[in-house]
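Please examine the chain below with attention to its fold, its nonpolar core and its charged pairs. The paragraphs that follow lead from the whole chain to individual side chains.

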Amino acid sequence: MSASFHLGDDMTTSRWRTALLLASFAVFAAAPASAQGVAKRTAKRAAKDATKDAAGDAAKKAAKGAMAPDALDLNAATPEQLAKLGLDEATVKKVVDSRPFTSLEDPKLTEAIPAETLEKLKGKVTVKPAGDAKPADAVAPASPPSTAEPSTPTTPATPPPQSR
């Protein structure tokens with residue numbers, strides 16, 4: 001007796017082949033669709049992240065550009081304060097000699113401080129109007145002594161009491 005492997009009749013084999021063919025078609029057809037779905041979701045996430053990043057960058061720039069409450073007034077800063085900002089000695093001298101400035105975009109200021117340095121200092125420095133600026137080390141002058149003598153009334157406001 002010879003051992004032979006028999007799958008069954010031709011009808012059963014045909015059904016199995018058809019089922020296998022349909023199953024493989026379904027798998028291969030679904031793969032690109034799911035890959036497209038993954039690609040679409042990835043693209044949406046990337047676009048959303050890019051929008052978030054752009055909004056975040058814009059907010060950071062706005063916050064950096066906003067004047068900090070402790071921003072140093074370039075019209076009133078001492079040379080020592082300017083040096084603490086990281087300005088070299090020559091730039092400090094140019095800033096002090098070019099005062100007063102009208103704004104951070106003042107041409108005199110942009111000549112004294114290089115544009116890239118001034119950009120790095122945004123938010124750390126400000127320019128207040130020259131009339132409002134007081135040097136940080138200035139002391140309010142003492143009021144001059146009064147030369148006028150105090151006035152004495154010639155007539156008392158109330159008459160003195162009379163004795164009886």
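**From overall fold to side-chain detail**

In the protein chain, 57% of the contacts between residues at least 6 apart in sequence join residues at least 24 apart, a contact being heavy atoms within 4.5 Å. The model is predicted, so that local features need pLDDT of at least 70 and side-chain atom pairs count only at pLDDT 80 or more, whereas totals for chains, interfaces and linings use all residues. Residues are numbered from 1 along each chain as its sequence is written, and side-chain values use heavy atoms, with hydrogens and water left out.

Five helices and two strands are found in the protein chain; these are DSSP runs numbered from the N terminus, with helices being H or I of at least four residues and strands E of at least two. Their order along the sequence is α-β-α-α-α-α-β. Of the 164 residues, 16% are buried, where buried denotes under 20% relative accessible area, exposed over 50% and partly exposed in between, with a 1.4 Å probe and protein chains only. The chain exposes about 13600 Å², of which carbon and sulfur atoms supply 61%; accessible areas come from the Shrake-Rupley method with a 1.4 Å probe, and for residues only the protein chains shown count as cover.

Attention now turns to the interior. The largest nonpolar core has 15 residues, and those touching the most other members are Leu74, Leu82, Leu87, Val95, Phe101, Leu109 and Ile113. Helices α3, α4 (107–112) and α5 (115–121) are the elements that give two or more residues to this core. Such a core is a set of buried Ala, Val, Leu, Ile, Met, Phe, Trp, Tyr and Cys residues joined through side-chain atoms within 4.5 Å. Leaving aside residues up to four places away in sequence, Leu74 touches ten residues by name: Leu82, Val95, Arg99, Phe101, Leu104, Leu109, Ile113, Val125, Thr126 and Val127.

Helix α3 also contains Thr91, which counts as buried because its relative accessibility is 8%. Beyond residues up to four places away in sequence, Thr91 touches Ala112 and Ile113.

What does Lys93 form with Asp97? The two residues form a salt bridge, with their closest N and O atoms 2.9 Å apart. The term requires a side-chain nitrogen of Lys or Arg within 4 Å of a carboxyl oxygen of Asp or Glu, and by this rule the count comes to one. Because Lys93 and Asp97 are four residues apart in helix α3 (residues 89–98), about one helical turn separates them. Both partners count as exposed, Lys93 at 54% relative accessibility and Asp97 at 52%.
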